[in-house]
Amino acid sequence: MIKQTSNGKAAIRCENLTRYYGDVAALKQLNLTVPEGSIFGFLGRNGAGKTTTIRLLTGLAHPTQGSAWVAGVETTNGDDSAREQFGYLPQEPAFYTWMTASEFLNYCAQIYNIPEKQRKARVAEILEQVGLKEAAKRKIAGFSGGMRQRLGIAQAMIHNPPVLFLDEPTSALDPAGRYEVLDMIERLRGQVTVFLSTHILSDVERICDQVAVIHKGELLLVSDREALLEHYASNAAEIELDSSSLDQLAAVKQQLEQQEWVSRILEDQNVLRVMVDDLATARQNLLPLVAACHLVVNRFEWVRSSLEEIFLKVSE
Ligand SMILES: Nc1ncnc2c1ncn2[C@@H]1O[C@H](COP(=O)(O)OP(=O)(O)OP(=O)(O)O)[C@@H](O)[C@H]1O
């Protein structure tokens with residue numbers, strides 16, 4: 001497993017965390033340390049065990065085995081003493097949509113026993129922080145997906161916890177909504193520790209300092225993002241074909257797959273990403289091979305691995 005550097009105290013820690021649902025092992029023997037102040041990406045396909053992990057780490061579900069701590073307070077001992085230490089945004093958050101954003105947050109502040117005198121100021125502060133100040137008096141019913149998720153993050157942060165758990169905060173959003181939510185999360189860097197589960201690799205690649213990959217309830221790797229990319233860095237060439245050559249794509253792909261030095265080919269519309277094991281041989285042979293197919297190529301470049309390739313490699 002690649003080394004995960006530790007920069008001081010752990011914001012989240014668990015030992016042998018395990019959960020069975022009947023015969024289904026939703027999570028097996030998870031040992032994890034999330035450094036304080038990091039944006040931690042918890043990456044896995046649907047059904048990998050992400051929600052189960054978050055529910056166990058926050059004490060919302062009970063483990064079959066193992067223990068967990070958030071900000072040094074145990075969450076798996078059956079009481080709610082750790083409640084103040086974290087905020088949680090579920091995968092499908094529910095809102096009272098007839099309320100305005102500030103009414104809703106005021107209500108959340110009451111649940112957390114924030115004294116009445118401080119509530120108004122806290123609500124105004126958090127609305128500003130998540131970029132909803134202008135929408136404070138608008139009813140939630142009219143909010144976009146991105147606005148709702150930012151409001152969800154505001155409710156999770158209302159009591160100023162040191163740790164935030166966000167379960168797939170971007171998966172139901174369109175590209176614009178994803179951008180605004182990721183941008184907002186990125187601005188939290190250094191203020192809180194963020195544990196963000198997702199199946200979207202580009203989100204992790206964009207904002208997370210640390211990455212863990214979970215697959216079928218098992219932790220496959222945990223690493224600093226850069227170390228991960230470095231470790232798995234394979235060389236790849238991107239070939240963007242002109243639309244006039246698209247009908248030859250399948251034939252070219254087949255030819256490339258037969259080469260010993262090609263390890264994998266990903267296809268995305270008119271772009272082929274050819275990953276190679278032997279760079280020297282590939283450099284000599286790839287372009288001539290493409291040229292021999294009489295393709296019209298708009299772009300050809302050598303690139304390094306993306307998280308997507310790494311994910312495919314480790315979760316096969
Ligand atoms: N309450 C439950 N009862 C039975 N099985 C469950 C329960 N909750 C989760 N599971 C099973 O545990 C496994 C992990 O589910 P989990 O919801 O944690 O995955 P996930 O990575 O969050 O996926 P998704 O993004 O689809 O929610 C799955 O096989 C799921 O069917």
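## A first look around the model

The protein splits into two domains: domain 1 covers residues 10–230, and domain 2 covers 234–314. What you're looking at is a predicted model. The C-alpha centres of the two domains sit 38 Å apart. Taken along the principal axes, the C-alpha atoms fill a box of roughly 75 × 45 × 40 Å.

In terms of secondary structure, there are ten helices and 14 strands to find your way through. Of the 316 residues, 37% are buried. If you take the contacts with a separation of 6 or more, 70% of them link residues 24 or more positions apart.

**Around the ligand**

Let's start with the ligand. Its surroundings include Tyr21, Val24, Ala26 and Gly44, along with the run Asn46, Gly47, Ala48, Gly49, Lys50, Thr51 and Thr52, plus Glu168. Two elements give two or more residues to this shell: strand E2 (24–35) and helix H1 (50–57). H1 gives the most, with three residues. Sorted by class, the shell has four nonpolar, six polar and two charged residues.

**The nonpolar cores**

Next, the inside. The largest nonpolar core has 66 residues, and those with the most contacts inside it are Leu105, Ala154, Leu164, Val194, Phe195, Leu196 and Ala212. Helix H4 (residues 145–157) supplies the largest share of this core, six residues. There is also a second, separate core of 14 residues, with Ala237, Val274, Met275 and Val290 among them.

Leu164 is a good place to zoom in. Leaving aside neighbours within four places in sequence, Leu164 is in contact with Phe86, Gly87, Ala156, Met157, Val192, Val194 and Phe195.

**Helix H2 and its buried side**

Which residues of helix H2 (residues 101–111) are buried? They are Ala101, Ser102, Phe104, Leu105, Cys108 and Ala109. These residues cover an arc of only 160° around the axis, so they end up on the same side of H2. Their packing partners are helix H3 (116–129) and H4.

**Gly41, a buried glycine**

Gly41 belongs to strand E3 (residues 39–43). Is Gly41 buried or exposed? Gly41 is buried, because 25 other C-beta atoms lie within 10 Å, and 20 or more is enough to count as buried. Not counting residues up to four places away in sequence, Gly41 touches Leu196, Thr198, Val204, Cys208, Gln210 and Val211. For a sense of scale, the C-alpha atoms of Gly41 and Gln254 are separated by 35 Å, and the two residues are 213 residues apart along the chain.

**Some positive phi angles**

Most residues other than glycine have a negative phi. Here are some residues in this model with a positive one.

| Residue | Place | Phi |
|---|---|---|
| Gln29 | strand E2 | near 45° |
| Asn113 | just after H2 | about 55° |
| Asn160 | loop between H4 and strand E7 (163–167) | about 60° |

Gln29 counts as partly exposed, because it has 15 C-beta neighbours inside 10 Å. Asn160 is partly exposed too, with 14 other C-beta atoms within 10 Å. Gln29 ties back to the ligand as well, since E2, the strand where Gln29 has its place, is one of the elements giving two or more residues to the shell.

Notes:
Residues are numbered from 1 along each chain as its sequence is written. This is a predicted model: local features need pLDDT of at least 70, side-chain atom pairs count only at pLDDT 80 or more; totals for chains, interfaces and linings use all residues. A residue is near a molecule or strand if its C-beta atom, placed from the backbone, lies within 6 Å of it. Helices (H or I, at least four residues) and strands (E, at least two) are DSSP runs, numbered from the N terminus. Ala, Val, Leu, Ile, Met, Phe, Trp, Tyr, Cys and Pro count as nonpolar, Asp, Glu, Lys and Arg as charged, and the others, Gly among them, as polar. A nonpolar core is a set of buried Ala, Val, Leu, Ile, Met, Phe, Trp, Tyr and Cys residues joined through C-beta atoms within 7 Å. A residue is buried if 20 or more other C-beta atoms lie within 10 Å of its own, exposed if 12 or fewer, and partly exposed in between; C-beta atoms are placed from the backbone. Two residues are in contact if their C-beta atoms, placed from the backbone, lie within 7 Å. Domain bounds come from an automatic or database domain assignment. The arc is that of the directions from the helix axis to the C-beta atoms.
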